[in-house]
Amino acid sequence: MAQGTEMHICLGSSCFSRGNKEVVNFIRDYLKRNHLEDKVVFKGARCMGHCSNGPNLLINGSITEEVTLARIENILEKELSKIK
Ligand code: FES
């Protein structure tokens with residue numbers, strides 16, 4: 001599944017207060033560093049209704065919760081290893 005990987009990060013206020021901005025910056029930088037900008041569509045999204053477990057990241061249709069700065073690199077490594 002090289003093409004068509006989509007990630008949507010929740011930009012709702014609850015996820016914002018839980019640090020989604022730092023996670024957004026990390027993901028942008030990660031995609032750049034790994035030359036994945038052409039392979040991964042990365043967008044912001046509205047509240048996903050999982051506010052208390054945010055920040056939330058939707059990857060190809062499934063939600064990963066508690067996407068903190070401490071966890072994001074491992075999540076990306078796992079999810080994007082197939083296309084790197
Ligand atoms: S604000 Fe992110 S799930 Fe509600």
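## Strand 1 and the surroundings of His8

His8 is a residue of strand 1, in a model that is predicted. Its side chain forms a polar contact of 2.8 Å with the side chain of Glu6. Leaving aside residues up to four places away in sequence, His8 touches Lys43, Gly44 and Ala45, together with Met48, Asn56, Leu57 and Leu58.

## The sheet

The four strands form an open sheet in the order 2-1-3-4, and their pairing is mixed. Strand 2 and strand 4, the latter covering residues 62–64, stand at the edges with a single partner strand each, so one side of each has no neighbour in the sheet. From one strand to the next, the twist averages 25 degrees.

Strands of a sheet pair through backbone hydrogen bonds, and the pairing can be either parallel or antiparallel. Strand 3 and strand 4 run antiparallel and are joined by three bridges; within this part of the sheet, Leu57 stands opposite Thr64 of strand 4. Helix 2 packs on the sheet, where it touches strand 1, strand 2 and strand 3, and its direction makes about 160 degrees with that of strand 1. Helix 3, for its part, lies across strand 1, strand 2, strand 3 and strand 4, and runs at about 10 degrees to strand 3.

## Helix 2 and its two faces

Helix 2 comprises the 14 residues 20–33, which at 1.5 Å a residue should span 20 Å, and the distance of 20 Å between its end C-alpha atoms agrees with that expectation. The buried residues of this helix are Asn20, Val23, Val24, Phe26, Ile27, Tyr30 and Leu31. Seen down the helix axis, these buried residues fall within an arc of 165 degrees, and they therefore line one face of helix 2.

The cover over the buried residues of helix 2 includes strand 1 (5–10), strand 2 (40–45) and strand 3 (57–59), as well as helix 1 (13–17) and helix 3 (69–80). On the face turned away from the buried side, helix 2 carries the exposed residues Lys21, Arg28 and Lys32. Just after helix 2, His35 adopts a positive phi of about 55 degrees.

## Thr68, before helix 3

Thr68 is placed in the loop between strand 4 and helix 3. With a relative accessible area of 30%, Thr68 is partly exposed, because it falls between the limits of under 20% for buried and over 50% for exposed residues. Although Thr68 and Glu22 are 46 residues apart along the chain, their C-alpha atoms are separated by 8.5 Å.

## Lys84, after helix 3

Lys84 is found in the segment that follows helix 3, and at 46% relative accessibility this residue also counts as partly exposed. Among residues beyond four places away in sequence, Lys84 touches Tyr30, Asn34, Leu36 and Glu77; one of these, Tyr30, is listed among the buried residues of helix 2. The side chains of Lys84 and Glu77 are joined by a polar contact of 3.2 Å.

A separation along the chain can also be set beside a separation in space for this residue: Lys84 and Cys15 are 69 residues apart in sequence, and their C-alpha atoms are 28 Å apart.

Terms used
Residues are numbered from 1 along each chain as its sequence is written. This is a predicted model: local features need pLDDT of at least 70, side-chain atom pairs count only at pLDDT 80 or more; totals for chains, interfaces and linings use all residues. Side-chain values use heavy atoms; hydrogens and water are left out. Helices (H or I, at least four residues) and strands (E, at least two) are DSSP runs, numbered from the N terminus. The expected span of a helix is 1.5 Å times one less than its number of residues. Buried means under 20% relative accessible area, exposed over 50%, partly exposed in between (1.4 Å probe, protein chains only). The arc is that of the directions from the helix axis to the C-beta atoms. Contact means heavy atoms within 4.5 Å. A polar contact is a pair of N or O atoms within 3.5 Å; within protein, one must be able to donate a hydrogen and the other to accept it, and residues adjacent in sequence count only if both atoms are side-chain atoms. Two strands pair if DSSP finds at least two bridges between them. Axes are lines fitted to C-alpha atoms, for helices over the stretch in contact, and angles run from 0 to 180 degrees between N-to-C directions.
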